[in-house]
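These are my notebook entries on one chain, kept in the order in which I looked things up. I begin with a few single sites and then turn to the packing around them.

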Amino acid sequence: MSDKIYDLGAGFWSIRGSFVRNGMIDIGNQSALIKLQSGKFILLDSYTLTGEVREQVMALTNNGQDIEAVLNVHPFHTVHCARVAKDFPHATFYGSARHHKEVPEVDWSDDYVESEAVAQRYPELEFSVPKGIYYIAPDDSVHSGSLLVFHPASQSLYVDDTFEIPPSKLFNEIQAGINLHATTLKALKDEPDAGKNYCDWATDLAHKWREIRNFCGAHSGLVVFEEGKFESALLATIDSARPELENS
């Protein structure tokens, strides 16, 4: 899979990359470049930029000097952090507690990426951590938890793993379906009403972020929803999954 960059408008560029699992299957990867009202930029997630994509990003960002921060929004996506920190040594790096532990060579900000301090620092974005499931699961194979990011200006949702689009979908294909990550059941916290809390969170999110058109998923691609279809698709998925999640 060759790396590509897509201009989704209003200062949001989706970067599509590669991640080869077990040396065999390319399950895809992603990052995003966002231009702030200040004229500076941030990156969502660490992904090593190469070739034409790197050239385009550098051209947009004054050879990278205008990238002020990198927000690593999935606790288990750590492979590229050290390299990207070397590429942009002047940028502030935000991550979860797991990022700090797994990649100690990076000079991480004391503010965790999911903190209120970061949300207040970037009011042009909206953030949400799922309720009812672990953000950092004790089982390293459970990756449902992540920090979801919504960029209202471009109507773009950036999500690693928590929600997915069914596989084999191409950019710009209208897609009405949304899947929950395969490990969502395993990610439920051992506490009363965990399943209900997760479903209520997702339902509220569908209503709150109903304007989403561009769905940027780490391993499931970039898909454009028709107006209003994201809300209905996510609600349908949650309504279907709710009985099993609430009874687990």
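**Entry 1, S96.** I looked up the accessibility of S96 and found 0%, so S96 counts as buried; I note here that the model is a predicted one. S96 sits in the loop between β8 (92–94) and α3 (97–102). Which residues does S96 contact once its neighbours within four places in sequence are left aside? I listed N72, P75, Y112, V113, E114, Y135 and I136. The side chain of S96 also makes a polar contact of 2.9 Å with the side chain of H99. I then checked D111, which is 15 residues away from S96 along the chain, and the C-alpha atoms of the two are separated by 8.7 Å.

**Entry 2, S46.** N72 came up again when I turned to S46, whose side chain is joined to that of N72 by a polar contact of 2.7 Å. S46 lies in the loop between β6 (41–44) and α1 (51–60), and its relative accessibility of 9% is under the 20% limit, so I count S46 as buried. Not counting residues up to four places away in sequence, S46 touches V70, N72, H80, C81, V84 and F93.

**Entry 3, T184.** Is T184, a residue of helix α5, buried or exposed? I found a relative accessible area of 4%, so T184 is buried. Leaving aside neighbours within four places in sequence, I recorded contacts of T184 with I133, S144, Y198 and L245.

**Entry 4, the nonpolar cores.** Y198, just met as a contact of T184, belongs to the largest nonpolar core, which has 32 residues. I noted that L148, L157, F163, I178, Y198, F215 and F230 are the members that touch the most others in this core. At least two residues of the core come from each of β10 (148–151), β11 (156–159), α6 (194–208) and α7 (229–246). I also found a second core, separate from this one, with 23 residues, among them Y94, F127, L147 and Y158. Going back to F230, I listed its contacts beyond four places in sequence as L157, I178, A206, W209, I212, F215 and F225.

**Entry 5, helix α7.** F230 is also one of the buried residues of α7, together with E231, A233, L234, L235, T237, I238, A241, R242 and L245. What covers these buried residues? I noted that the cover includes β11, β12, β13 (179–180), α5, α6 and β14 (214–217). The helix has 18 residues and reaches 25 Å from its first C-alpha to its last, close to the 26 Å expected at 1.5 Å a residue. I nevertheless recorded a kink of about 35° at S240, shortly before the proline P243.

**Entry 6, positive phi values.** I closed with the backbone, keeping in mind that most residues other than glycine have a negative phi. Where does D161 lie? I placed D161 in the loop between β11 and β12 (163–164), and its phi is near 80°, a positive value in a residue other than glycine. D161 has a relative accessible area of 3%, so I entered D161 as buried. D193 is likewise not a glycine, and I read a positive phi of about 65° for D193, which lies in the loop between α5 (184–187) and α6.

Notes. Residues are numbered from 1 along each chain as its sequence is written. This is a predicted model: local features need pLDDT of at least 70, side-chain atom pairs count only at pLDDT 80 or more; totals for chains, interfaces and linings use all residues. Side-chain values use heavy atoms; hydrogens and water are left out. A nonpolar core is a set of buried Ala, Val, Leu, Ile, Met, Phe, Trp, Tyr and Cys residues joined through side-chain atoms within 4.5 Å. Buried means under 20% relative accessible area, exposed over 50%, partly exposed in between (1.4 Å probe, protein chains only). Helices (H or I, at least four residues) and strands (E, at least two) are DSSP runs, numbered from the N terminus. Contact means heavy atoms within 4.5 Å. The expected span of a helix is 1.5 Å times one less than its number of residues. The bend at a residue is the angle between axes fitted to the seven residues ending there and the seven starting there. A polar contact is a pair of N or O atoms within 3.5 Å; within protein, one must be able to donate a hydrogen and the other to accept it, and residues adjacent in sequence count only if both atoms are side-chain atoms.
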